[in-house]
Amino acid sequence: MAPPGRIVAGFLAPHPPHLVYAENPPQNEAVAQGGWEVLRAGYAQVRQRLAQVDYDTLVVHSPHWKTVTGHHLLAAPHFRSLSVDPIFPNLFRYHYDLSVDVELARAIAAEGQDAGLVTQLMENPDFRVDYGTITSCHLVNPEWDKPIVAISSNRANFYFSNEVGQAEMLALGVATRRAIERTGRRAVLLASNSLSHRHFTVEPELPEDMSAEHPYNNNQYQWDMRVLELMRAGQCRQLLEIMPDFIEQAVSECKDGSLTWLLGALGVPDYPATVHAYGTVIGTGNAVVQWDPPAAATGAGT
Ligand SMILES: [Fe+2]
C-alpha cells in the first residue's frame, strides 16, 4: 500500500509581479534591468531547497482569484494563456502553460464540502488564471515541471469579518491537508500573500529604480517584524491571535486568507520557520518564509 500523503514543506511565497519582471524569464514580455535582489535571492534559496525535496504537486492559495461564493479550485488538466497584471501591465505580460493535479483539486473540494465549506471546481480550460498564482508558482518552480492546484480567495474577511474569514481559512487548510493525505501526495504549499500592504500610488520613471524602494512607513515595517518574530519563534497560535489587528493596522494582504489557510494546513506550527528574505515592493512588506513540518506534525493539529 502506498504511504499516506503529507505536506513536505509550506511557504509564504508572495507574488509581486515585479519579482518576475526583474528576472527576465522568457515567458514575460517586459524587460527589466533587475531590482528587488534580496527577495529574489530568498526565492533562489527556496528553489535550492526544493531541488533536494521529493514532491508531487504545488498547492497555491492566491489573493488575486477572488470568489464571493465559496472556495474555487482549478480543475481542468491544462491552462494556457496570457496573464496581464491589471495594475502593472507594463511589468507583467506572462505567457503561461501549466498543468493541474485534478485528482487532488477534486479531493480538496470534497473534503471542504464534508467540513461544511462551499467549494466549486473551475473546469473551463479557457479560464484566465490569476497573476498571483502564476507569480508565486513561477518564482518557486520556473520550470513548471510539477502540476499545481490553485485555490481561490473567498471574500469572507471582506463581507463578514476578519474573525469569520480566519475560521473559514483554517477549515480550508485542514480540508487541504486531509485531501493530501488521502490522495497520497507529497505536496508543497504556497501562501501567495504579502504582509503589510500599504503601497505607493506613483511609480518611479524606472520601475526597478531601487533608490525609490523602502517601507511605506515605520508602522508597517514594525508590524512585519513582529509577525516574522512570531514565525521564527514557532508561535503561530499567537500570530493567529493578532492577525485581525495586523490585517487592519498594516492593511495586510493576509486579509485575503492565504497565510491563514497555510497555517491551518500545517496544523498551526509550534516549530520555528525559516525566513529566507524580507523586502519591500512599492512599499509593501514581503517575506519568503519556509515551514518544514515534522513527519508526524501535519496530521496532529487542528
Ligand atoms: Fe497582491
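## Where to be careful

Over which residues does pLDDT stay under 50? That stretch is residues 298–302, for which the model has 13 contacts beyond four places in sequence; a contact here is two C-beta atoms, placed from the backbone, within 7 Å. Where pLDDT is low, the predicted coordinates should not be read in detail.

This is a predicted model: local features need pLDDT (the predictor's confidence in each residue, from 0 to 100) of at least 70, side-chain atom pairs count only at 80 or more, and totals for chains, interfaces and linings use all residues. Numbering starts from 1 along each chain as its sequence is written. The protein chain has a mean pLDDT of 96, with 97% of its residues at 70 or more.

## Helix H7

H7 covers residues 218–232 (helices are DSSP runs of H or I, at least four residues, and strands are E runs, at least two, numbered from the N terminus). Its 15 residues should span 21 Å at 1.5 Å a residue (times one less than the residue count), and the end C-alpha atoms are indeed 21 Å apart.

Gln220, Trp223, Asp224, Val227 and Met231 of H7 are buried, with 20 or more other C-beta atoms within 10 Å of their own. They fall within an arc of 100 degrees seen down the axis (taken from the directions from axis to C-beta atoms), so they line one face of H7. They pack against helix H8 (236–249) and strands S9 (274–281) and S10 (284–291). After H7 comes Gly234, with a positive phi near 70 degrees.

Technical notes. A residue is buried if 20 or more other C-beta atoms lie within 10 Å of its own, exposed if 12 or fewer, and partly exposed in between; C-beta atoms are placed from the backbone.
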